[in-house]
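Here are a few exercises to work through with the structure open beside you. Try each task before you read its solution.

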Amino acid sequence: MIQLTDVYKSYTQGSAKIAALRGASITIDQPGYYAVMGASGSGKSTLLHLVAGLDKPDKGKVVVAGKDISGASEGALTEYRRSTVGIVFQQFNLIPTLTARQNVALPGVIASRPSRTELNKRVDELLDQLGIAARADHRPDALSGGEQQRVAIARALLFAPPVLLADEPTGNLDSASSEKLWTLLGSVAQQQRMTVLMVTHEAAAAAHCERVYVLGDGRTLGQFEVDGLDHTAVASRYQHLSRP
């Protein structure tokens with residue numbers, strides 16, 4: 001489903017060149033719930049942006065759902081983001097003047113597909129699946145942080161993509177809401193047979209996943225299976241792999 005091979009990515013800040021990824025590689029070949037862990041500056045968000053088609057690697061290959069997007073055109077990447085990946089960010093990025101239902105439907109309205117009847121049906125199904133149908137006609141300022149993030153997830157799932165990417169999705173939520181959202185993402189992966197890849201620095205989040213990939217200084221330091229480990233054990237495995 002997701003394969004990054006020897007990927008490099010640098011950015012220019014003023015006169016300095018910052019290396020975000022220095023030969024990172026990960027392989028995910030089955031649907032499921034996965035995490036990328038790393039300290040600030042490890043390159044984990046850059047990796048996610050490459051998988052999302054929001055940026056291109058300087059070197060290396062990025063293949064998602066059988067598509068090599070490493071050197072794809074902007075037009076191809078736009079269609080790729082519409083059909084292949086859904087993206088959930090730390091910031092909810094909801095339109096404040098629209099209701100929850102309208103926010104979820106927005107990508108379909110912009111794309112002029114599917115038909116209005118099919119779009120409304122799909123939106124109502126997603127709101128129901130994510131437990132926020134009763135809040136469908138509320139605007140973001142009337143929703144809790146957890147409810148807003150559920151709306152953002154529903155919007156990301158509108159076109160039923162095979163891959164859902166989540167970049168620190170609970171960074172603006174309290175601990176109770178975060179726990180519910182981590183569990184929800186796991187349910188989405190299982191019920192819809194899709195790949196959910198979450199970037200996080202929290203062991204408590206990664207403990208909900210099946211496998212954790214560890215990044216450090218732009219490189220892949222290793223991976224481990226969670227297999228029932230609690231957050232303390234996950235933190236220990238992560239620290240072991242990230243130790244210099």
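Before the exercises, some orientation: the structure holds nine salt bridges, and it is a predicted model. The chain averages a pLDDT of 95, with 100% of the residues at 70 or above. Confidence is lowest in helix α2 (residues 74–83), where the mean is 92, and highest in β3, at 98.

**Exercise 1. Salt bridges between parts of the chain**

Task: Find the salt-bridge partners of Asp124, Glu147 and Glu225, and say which elements they link.

Solution:

Step 1. Start at Asp124. Its partner is Arg101, with the closest N and O atoms 3.2 Å apart. Asp124 sits in helix α4 (residues 116–129) and Arg101 in helix α3 (residues 100–111), so this pair links distant parts of the chain, 23 residues apart. Asp124 counts as partly exposed at 37% relative accessibility, and Arg101 is partly exposed too, at 29%.

Step 2. Move on to Glu147. Its side chain meets that of Arg135 in a salt bridge of 3.4 Å, N to O. Glu147 belongs to helix α5, while Arg135 lies in the loop between α4 and α5, twelve residues apart. At 25% relative accessibility, Arg135 is partly exposed.

Step 3. Now look at Glu225, which pairs with Arg211 at 2.8 Å between the closest N and O atoms. Glu225 is in strand β10 and Arg211 in strand β9, so the pair ties together parts 14 residues apart in sequence.

Step 4. Check how open this last pair is. Buried means under 20% relative accessible area. Arg211, at 15%, counts as buried, whereas Glu225, at 41%, is partly exposed.

Step 5. One more stop: Lys9, Asp55 and Asp58 are linked in a network of salt bridges.

**Exercise 2. Putting the sheet in order**

Task: Which strands form the open sheet, and in what order?

Solution:

Step 1. Read across the six strands: the order is β6-β7-β8-β3-β9-β10, and the pairing is mixed.

Step 2. Look at the edges. β6 (85–88) and β10 (219–225) each have a single partner strand, so one side of each has no neighbour in the sheet. From one strand to the next, the twist averages 20°.

Step 3. Follow the β6 edge inwards. β6 and β7 run parallel and are joined by four bridges; Val85, for instance, has Val163 in β7 as its bridge partner.

Step 4. Add the helices. Helix α5 (residues 145–156) packs on the sheet and touches β6 and β7, its direction making about 165° with that of β6. Helix α8 (residues 231–242) lies across β3, β9 (211–216) and β10, at about 150° to β10.

**Exercise 3. A strand in the middle**

Task: Is strand β8 (residues 195–200) largely enclosed or left open, and why?

Solution:

Step 1. Check its neighbours. Strand β3 (residues 32–37) pairs with β8 in the parallel sense over six bridges, and Tyr34 has Leu197 as its partner in β8. Strand β7 (residues 163–167) also runs parallel to β8, joined by five bridges, with Asp167 partnered by Val199. Between β7 and β8 the chain crosses through helix α6 (residues 175–191), and this β-α-β crossover is right-handed.

Step 2. Sort the side chains by face. In a regular strand they alternate between the two faces of the sheet. Here Thr195, Leu197 and Val199 are on one side and Val196, Met198 and Thr200 on the other, and all are buried.

Step 3. Conclude: six of the six residues of β8 are buried, so the strand is largely enclosed by the rest of the structure.

Methods
Residues numbered from 1 in each chain as written. Predicted model: local features only at pLDDT ≥ 70, side-chain atom pairs only at ≥ 80, totals over all residues. Heavy atoms only, no water. Buried < 20%, exposed > 50% of the residue type's maximum accessible area, 1.4 Å probe, protein only. Helix = DSSP H or I, 4+ residues; strand = E, 2+ residues; numbered from the N terminus. Pairing = 2+ DSSP bridges. Right-handed = clockwise from strand over helix to strand, strands pointing away. pLDDT = per-residue confidence, 0-100. Axes fitted to C-alpha atoms, helices over the stretch in contact; angles between N-to-C directions. Contact = heavy atoms within 4.5 Å. Salt bridge = Lys/Arg side-chain N within 4 Å of Asp/Glu carboxyl O.
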